[in-house]
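Student: Please take a close look at one part of this model and explain how it sits in the whole.

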Amino acid sequence: MNRSIFSIERLLPRTGALGETPSTGEAYRDVARIALPSVAEMVLMSLIGMMDAIMVGQVLGAGPLAAVGLVDQPRMLLMSVFFALNIGVTAIVARRKGEERRDEANRTLRNALVLCLLCSAAMMTVGLMTSRGMMRLAGAQADTVRDAETYYRILVYFLPVNALTMCICAAQRGVGNTRLTMYVNTASNLVNVVFNYLLIGGNLGFPRLEVEGAAYATGIGFCVGLVLALVTVARPHGYVGDGFLHLRWRDDWRIDRQAMGSIVRMGWGAMLEQVALRVGFFWYARIVADLGTLAFAAHQICMKFLNLSFTFGDGIGIAGTSLVGQMLGRKRPDLAQAYGKAAQRMALVVSLALASSIALFRTPLSAMFVGDVSSSAVRAEDVIALASRVMLMVALFQPFQTTSVVISGALRGAGDNKYVALVMLLCVSLIRPLCAMAAIYLITHTLSRPDIALMGCWAASLIDMMLRMTLVYRRFNGGKWHDIAV
């Protein structure tokens, strides 16, 4: 028997197979078929998102870069409702795909879109009413609050457009049509980059709108994404995919209690997870923001690379989510566990390569984000030096982060959202910010060094990530999620 950690024998649960199993090569090819388009999509989105920060930093300096970064967590807090909704949509559609219940899958998507539209209108209103307070709460200083609020308000206006696109893409991932979502989001983000160039600095006759231009460019990209996402479900047979999801105006768009109940039931656990994540990240970002513009600008650079590396795990994790849901729909929990572990093994290999690259090239990578702008109150070389040190922590994150992300995705595919939510509540909402505060207190009271304090904050994040990985991996191996009904 092949005892390699990558072999199909090691991927199956200890109780063994319940029927015919794929070969080791077939298992990884099944994961790769869904994962590779997802990874390409996520990485391209992250890279293009980094271009926002690079363009703002290079043209406008460290202050506007920090201002744009301050918007991330307040905006993500508003979007948490939709992240939760989409986790439920992906899991339910994947299960219906495995059960070959196409009508139920499309009914789920229609109900999710109606719910998404109602919730987005409400969240947009809340976001606009609380914009200045949210920026202050996020840690905006006198030199960043105006730009931060401008950027935030414009993005909030486009929130319904973004939310609807995300919902359709979540359903397509559940079916396994990850190439479709890759095309949609890549096109959307490329449009964003083009309009960044035109509007931030005022090129080719367009007005110079600076931070405001970066926000409008993102909004225009969101609109393009929604149009393309709607095309994938309105004319599915003319594009990549099997036509499993198909929406028409003449379909029944009334609320279906059973379908809506499944979405809400699945989304509730995901909502707890998202709220825990966003509150924890918001609190943590505020702690770092209080260290000053220099530390927060360096922190933002490192977060861009951490988010980039996260997308590799997230893209592979989507394959785990989809395949786990589909195998459970076929009454094969043994294969669900095997595919979840295959995704984790694949992500682990990728993470080691990422860690090496980040550690080796940390200084030139950091230097891409900050231009030598004479009007900036923070020197570019100071930001680069601090970011380069913190990037070593980013390299250490890689194996722990990818395993945590992929296994959490597999548990979500099984419907075990409540457990993942409890882990996020413990680790992200409590342990990470509390450890960060303790590190800052100890370092600033002994050394009076905000740069070293930033390293302490990242060490706190690493503790959170290691504990998170341990908890979700033990849960996955335990197999309690095999019998969860969706």
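Student: How many helices and how many strands does the protein chain have? After that, please go through helix H15 and the core residue Trp-458.

Tutor: The model is predicted. Its protein chain has 17 helices and zero strands. With 486 residues, a compact globule would have a radius of gyration near 23 Å, and the 22 Å of the protein chain agrees with that. The C-alpha trace spans about 65 × 55 × 35 Å along its principal axes, and 60% of the residues count as buried.

Helix H15 covers residues 380–413. Of its 34 residues, 26 are buried, so the helix is mostly covered, with buried meaning under 20% relative accessible area. H15 bends by about 45° at Gln-398, and a proline, Pro-399, follows within four residues. After the helix comes Gly-415, which has a positive phi, near 90°.

Trp-458 touches Val-390, Met-393, Val-394 and Phe-397, among others, and these four numbers fall within the 380–413 range of H15. The other contacts of Trp-458, leaving aside residues up to four places away in sequence, are Tyr-284, His-299, Cys-302, Met-303 and Leu-306.

Trp-458 also belongs to the largest nonpolar core, which has 148 residues. Together with Val-31, Phe-82 and Leu-454, Trp-458 touches the most other members of that core. Helix H12, residues 293–329, gives the core its largest share, 16 residues.

Across the protein chain, 84% of the contacts between residues at least 6 apart in sequence join residues at least 24 apart.

How values were computed: Residues numbered from 1 in each chain as written. Predicted model: local features only at pLDDT ≥ 70, side-chain atom pairs only at ≥ 80, totals over all residues. Heavy atoms only, no water. Core = buried A, V, L, I, M, F, W, Y, C linked by side-chain atoms within 4.5 Å. Buried < 20%, exposed > 50% of the residue type's maximum accessible area, 1.4 Å probe, protein only. Helix = DSSP H or I, 4+ residues; strand = E, 2+ residues; numbered from the N terminus. Contact = heavy atoms within 4.5 Å. Bend = angle between axes of the 7 residues up to and from the residue. Rg over C-alpha atoms; globule rule 2.2 N^0.38 Å.
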